[in-house]
Amino acid sequence: MGKDRAGLSWVPTLSKADGPLYLAIADALAADIAAGGLKEGTRLPPQRALASALGIDFTTVGRAYNEARARGLIEGRVGQGTYVRARRRNADRPSGGGLVDMSMNLPPLFDDPELVARMWGGIDALEREQGLDLLMRYQAIGGALPDRAAGAAWLRPRLGEVAAERVLVCPGAQGALLATVSMLAARGDVICAEALTYPGLRSLAAHLGIGLAGVAMDEHGLLPEAFEAACVKHRPKALYCNPTLHNPTTATLPLDRREAVVAIARRHGVAIVEDDAYGALPTQPVPPLAALAPELVYHVAGLAKCLSPALRVAYLIVPDAVSSVRLEGAIRATAGMASPLSAAIATRWIEAGTADAVLHAIRAETGRRQQIATGILSADRVVTDPEAFHLWLRLPSAWTRGAFGDRLRTAGISIVASDAFALAAPPEAVRLGLGAAETSVELERSLAVIADLLAQSPAVLNFVV
């Protein structure tokens, strides 16, 4: 880039790569901004002047500027021209002395300014595409058809072709679970779940007065024979499970067990609620239960763990039209509807390829953090998966989970003890979230404190006067 042609503030250096010329100009602009060659606030050349300098048609530059504006890279100022847009900066956060709250299971932050600009640009583009109607109108309870279609497209790599009519847009995974469980079971009924299960399900079941029957697990996930025994004993209305990168153990249920669980559910007439919160993270996923038994499974695919916790959008894939109508009624009764703005942002990101880019960035950063964690913590204590951004830490016999958590809190680190997940006797284990740390240095410091504590005896640390 430079001012060597016609004295312009910026002229891109274009490669001869395949693809539309306007995209090459927008990509060059993004690269120069990311490299620091174009500072925020820089006024860009008028479109006709840049077109003349490049020897191309004026409309091509116009399309390039529109693309860059949609990515959040530039902004137009009335009567003044087009300028490189100022980057949004994170608000100042209180210092934790380099230590972090590891109790929250968040996707890790990634360092990619251009991708961040694309994310914000996709939001800005909604004003031009949908206008005031998006902000000032109610929408269909189960989501507008374009948002349902985007959900189907997002899930296609895992579920195959799904009709948009089978997709309901819900206010987050918890909203989808509330609607589904309240439709399938009533007060006094029982549903089955893994012996270690999502705390949100426990809260939901307690609120609705529904019993939870724990299904025994091993290192690969729930045991099909234990599920069959629970079906005979409790006659449950449904099975809730988290079969991929299970929360909290990170276990992924093998295909043969998935097929066995589906066969058992069919024999006993038990619906399955598949919470696929982490299902997008594996690069080579095991087929979801909904792909094996679409007539039986209610598939909940939230975006919080694989895209953005701020969107609070989940796609609920239902077996048929009857259950779709019933679930729309449940959504209306419990939440009204998902936020149309959040759903529109998700749709924009999915259609523009931004969602795939964000998922790729989360996967890459997750891999880096897993390498840090496994390099610091003892392998015989850690249960995890390289594609998960949380891990399950089994404590030495000298430690109880309560004492271990208390000591970490005094050091400024929060974790989640097994009590939050257990439907029976809790094991001496805790969950650590690797995504909350803003930097690798923060994560390393916190894990070093944990590793040091594990190496000590609780008795050495006691001091009672």
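Which helix gives the most to the lining of the second largest pocket? In this predicted model, that helix is α6, which spans residues 172-184 and contributes three residues to the lining. The second largest pocket holds about 490 Å³ of space, and its lining is made up of 26 residues, among which N105, Y198, N247, Y278 and K305 lie nearest the centre. When the residues of this lining are sorted by class, 15 are nonpolar, seven are polar and four are charged.

Helix α6 also belongs to the surroundings of a sheet, which is described next. Strands of a sheet pair through backbone hydrogen bonds, and they may do so in either a parallel or an antiparallel manner. Here, seven strands form an open sheet with mixed pairing, and their order across the sheet is β3-β11-β10-β9-β8-β4-β5. At the edges stand β3 (167-170) and β5 (211-215), each of which pairs on one side only. From one strand to the next, the twist averages 20°. Helix α6 packs on this sheet and touches β3, β4, β8 (238-241), β9 (271-275), β10 (297-302) and β11 (314-317), while the direction of α6 makes about 165° with that of β10.

The pairing can be followed inward from the edge strand β5. Strand β4 (residues 190-194) runs parallel to β5 and is joined to it by five bridges, and within this pair the bridge partner of C192 is A213 of β5. Strand β4 also pairs with β8, again in the parallel sense, over three bridges, and A193 stands opposite Y240 in β8. Strand β8 in turn pairs with β9 in the parallel sense over four bridges, with A238 standing opposite A271 in β9. The side chains of β8 can be divided by direction, since A238 and Y240 point one way from the strand whereas L239 and C241 point the other way, and all of these residues are buried. A second helix, α8 (residues 224-234), lies across β4, β5 and β8 and runs at about 150° to β5.

Apart from the pocket, the structure holds two cavities of 30 Å³ or more. The largest cavity has a volume of about 70 Å³ and is lined by 13 residues, of which Q139, G143, A338, P340 and A343 lie nearest its centre. The lining of the largest cavity comprises eight nonpolar, four polar and one charged residues. In the second largest cavity there is about 50 Å³ of space, and the residues that line this cavity include E194, M217, H220, N242, H246 and L253. By class, the lining of the second largest cavity divides into five nonpolar residues, four polar residues and one charged residue.

A final set of values concerns a single residue, E444, whose place is in helix α15 (residues 440-454). The relative accessible area of E444 is 36%, and this residue is therefore partly exposed, a term that covers values between the limit of under 20% for buried residues and that of over 50% for exposed ones. Leaving aside residues up to four places away in sequence, E444 touches I372 and I376. The C-alpha atoms of E444 and G375 are separated by 9.6 Å, although these two residues are 69 residues apart along the chain.

Note on methods:
Residues are numbered from 1 along each chain as its sequence is written. This is a predicted model: local features need pLDDT of at least 70, side-chain atom pairs count only at pLDDT 80 or more; totals for chains, interfaces and linings use all residues. Side-chain values use heavy atoms; hydrogens and water are left out. On a 1 Å grid over the protein atoms alone, a cavity is a set of points where a 1.4 Å probe fits but cannot get out, and a pocket is an open set with protein on both sides within 12 Å along at least five of seven lines; lining residues have an atom within 4 Å of a point. Grid points are joined across faces, edges and corners, and a volume is the space filled by probe spheres set on the points. Helices (H or I, at least four residues) and strands (E, at least two) are DSSP runs, numbered from the N terminus. Ala, Val, Leu, Ile, Met, Phe, Trp, Tyr, Cys and Pro count as nonpolar, Asp, Glu, Lys and Arg as charged, and the others, Gly among them, as polar. Two strands pair if DSSP finds at least two bridges between them. Axes are lines fitted to C-alpha atoms, for helices over the stretch in contact, and angles run from 0 to 180 degrees between N-to-C directions. Contact means heavy atoms within 4.5 Å. Buried means under 20% relative accessible area, exposed over 50%, partly exposed in between (1.4 Å probe, protein chains only).
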